[in-house]
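Please look over the sequence and the model shown here. The report that follows starts with the ligand and then turns to the fold and a few local features.

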Amino acid sequence: MGGSSVLETFVRRRHGGGMPSVLKNATLLLLSRTIVRGHALLGDPAARLLGMSPTRDPYPDYESVRERGPVVKSKMGLYLTASHELCDSLLRDPGFGQLAAGELSPIDSVAHIGPRRLVNPVEDSFLMLNPPDHTRLRRLVSPWFTPRGLRDQVATVERVVEEYLDEVAGRPTFDLVGDFAARVPIQVIADLLGVPDADHAAFARWGSALVNALDGVRDLKELRALHNGLREFEEFLDGLIDHRRRHPGDDVVSRLVANEDLRREDLIATTELLLVAGFETTVNLIGNAVLAVLAHPEVRERLLDDPGCAEAVVEETLRLDPPVQYTVRTPFETTEVAGTSVPRGTPIMLLLAGANRDPAVFADPHRFRPGRPDGREHLAFSAGIHYCLGANLARMEGAAALRGLFRRFPDLRAAGRVRRRPSRVIRGPERFPVSTGAAENRPMVEIIS
Ligand code: HEM
């Protein structure tokens, strides 16, 4: 999530100062693509990761980074690590922080286009801030996401799961992602924030545009879609905030609005972050978990015998195939990392999904084994001060979705080609046709780009 296109940031640093325009963005897009492809051809590990087709299996690339050593330097001027120990310690190190501080990143430059700078839900939110601003803003919303704060949510989440299962129950096939996995987390986070049901579809659209942009914007069409999405999202939240000021409810936005010390930009960015982070990741957790269960019949049997093991299935999915594949940190001062000097301000890509398969921590790391003794040691939710605020909620939603889904459809099977999300930062199916019918002729899960 903190990994907005690292490479483009670099190209911008070197070639793209000043006020961004659509034309300058387009030039930088082209330049960055050409540079990555060139370096990838020469075998550069970062270029291979950033330049590969976003739907390709990334796990062999993480292994090749691991083989080269704990910290690998890329010709593109950044560093990478797939070591669990290093990822964990750098995420907790106060000497390292978020890249966004003072940087011109892809989403940020799109936010600058036009007469007025738009609020940027990734870069302006506390996800990308360093202390003390990070601490101040995170503290405002954390009470809702503690186990205690979420106690009342358990029944709500289960009800939402059942409602959406009711909707698909009469149909022989449905899209696991669009008809179920995306709808549950959207409903849950929207209810928590007080977003009316009628607006879910629009905000799912803005969320996807933003998440896809984490990888960098591919063309002018995407750039315009992102800019329009940012504008519409902000206008929508201005309206919601205004409404909640006049008609306060029992939701997060109403409570934030009541805080008079909070600037409008912080209020909008915080709400946007919660909305986007609240569903764009969990949808992939549910999708990846169902993919894993369908590929492992023995796990399905266990889940049917004992729905309580849904928690372990969720945990193992987070380890083996996490929705957020990497994040980025930069040292505030030139720092020695595992014997390599990393210059001040230089990004290190922390390959969370690679760290989750580090054989130094996990035995037989590429195997899907729910209930493994060290199952919660993964870094799918990051670590340190930016540790995912919604981790408890995501785990709860993931387990409730799996329990409900397989209880209702014990013979659930793939019913067509799975299309993956076109992103390297966020991993999960974008379209996943499933059939609720009997188990005969169960086809293998087939995945395409
Ligand atoms: C499976 C689902 C999820 C995954 C894999 C996930 C993953 C992550 C990761 C890796 C980070 C830290 C990024 C970094 O260190 O740079 C993060 C931060 C965050 N997540 Fe999640 N997340 C999930 C669900 C949620 C949910 C349901 C919410 C609900 C609101 C949420 C809210 C946040 C927030 C607010 C942050 C920023 C925390 C901070 O900067 O202090 N996430 N998440």
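In sorting residues by class, Ala, Val, Leu, Ile, Met, Phe, Trp, Tyr, Cys and Pro count as nonpolar, Asp, Glu, Lys and Arg as charged, and the others, Gly among them, as polar. On that basis the shell around the ligand holds 18 nonpolar, 10 polar and two charged residues. The model is a predicted one.

## Ligand site

The ligand has 30 residues around it. Arg138, Thr327, Ser382, His386 and Cys388 come nearest.

Which protein atom serves as donor to the iron atom of the ligand? The single donor from the protein is SG of Cys388, 2.3 Å away. Cys388 sits in the loop between helix H18 (352-355) and helix H19 (391-408).

Oxygen atoms of the ligand also have polar partners in the protein. Arg138 places a polar side-chain atom 2.6 Å from a ligand oxygen. Thr327 does so with a polar side-chain atom at 2.6 Å. With Ile385, a backbone N or O atom lies 3.4 Å from an oxygen atom of the ligand.

Four elements give two or more residues each to the shell: helix H7 (133-141), helix H14 (264-280), helix H15 (282-295) and strand S5 (327-331). H14 gives the most, with four residues.

## Overall fold

The protein has 19 helices and 13 strands. How much of it is buried? Of its 449 residues, 58% count as buried. Take the contacts between residues at least 6 apart in sequence: 73% of them join residues at least 24 apart. The exposed surface is about 18,300 Å². Carbon and sulfur atoms supply 53% of that area.

## Two helices in contact: H17 and H4

Why is helix H17 (residues 310-320) described as largely enclosed by the rest of the structure? Nine of its 11 residues are buried, so the surrounding structure encloses most of the helix. The buried residues are Ala310, Val313, Val314, Glu315, Glu316, Thr317, Leu318, Arg319 and Leu320. Their cover includes helix H4 (59-68), H15, helix H16 (297-305) and H19.

H4 has its own buried residues: Tyr59, Asp61, Tyr62, Glu63, Val65 and Arg66. They pack against helix H3 (45-51), strand S1 (72-73), strand S2 (79-81), H17 and H18. Just after H4 comes Gly69, with a positive phi of about 130 degrees.

## Backbone geometry

Pro131 and Pro132 are joined by a cis peptide bond, with omega of about 5 degrees. Pro132 lies in the loop between helix H6 (106-112) and H7. H7 is also one of the elements that contribute to the ligand shell.

Two residues have a positive phi although they are not glycines. Ala338 has a phi of about 45 degrees. Asp364 has a phi of about 50 degrees. Ala338 is in the loop between strand S6 (335-337) and strand S7 (340-342). Asp364 is in the loop between H18 and H19. Cys388, the iron donor, is also placed between H18 and H19.

Are Ala338 and Asp364 buried or exposed? Ala338 is partly exposed, because its relative accessible area is 45%, between the limits of 20% and 50%. Asp364, at 42% relative accessibility, likewise counts as partly exposed.

## Two buried helix residues

Leu210 and Gln187 each sit in a helix and each come with a distance to a residue further along the chain. The table sets out those pairs.

| Pair | Separation in sequence | C-alpha to C-alpha distance |
|---|---|---|
| Leu210 and Gly229 | 19 residues | 7.9 Å |
| Gln187 and Phe279 | 92 residues | 8.8 Å |

Leu210 belongs to helix H11 (residues 200-213). Leu210 counts as buried because its relative accessibility is 4%, under the 20% limit.

Gln187 lies in helix H10 (residues 183-193). Gln187 is buried too, at 8% relative accessibility. Which residues does Gln187 contact, leaving aside its neighbours within four places in sequence? They are Val160, Tyr164, Asp197 and His200.

Terms used
Residues are numbered from 1 along each chain as its sequence is written. This is a predicted model: local features need pLDDT of at least 70, side-chain atom pairs count only at pLDDT 80 or more; totals for chains, interfaces and linings use all residues. Side-chain values use heavy atoms; hydrogens and water are left out. A residue is near a molecule or strand if one of its heavy atoms lies within 4 Å of it. A polar contact is a pair of N or O atoms within 3.5 Å; within protein, one must be able to donate a hydrogen and the other to accept it, and residues adjacent in sequence count only if both atoms are side-chain atoms. Donors are N, O and S atoms within 2.8 Å of the metal (3.2 Å for Na, K and Ca); water is not among the atoms, so sites may look incomplete. Buried means under 20% relative accessible area, exposed over 50%, partly exposed in between (1.4 Å probe, protein chains only). Contact means heavy atoms within 4.5 Å. Accessible areas come from the Shrake-Rupley method with a 1.4 Å probe; for residues, only the protein chains shown count as cover.
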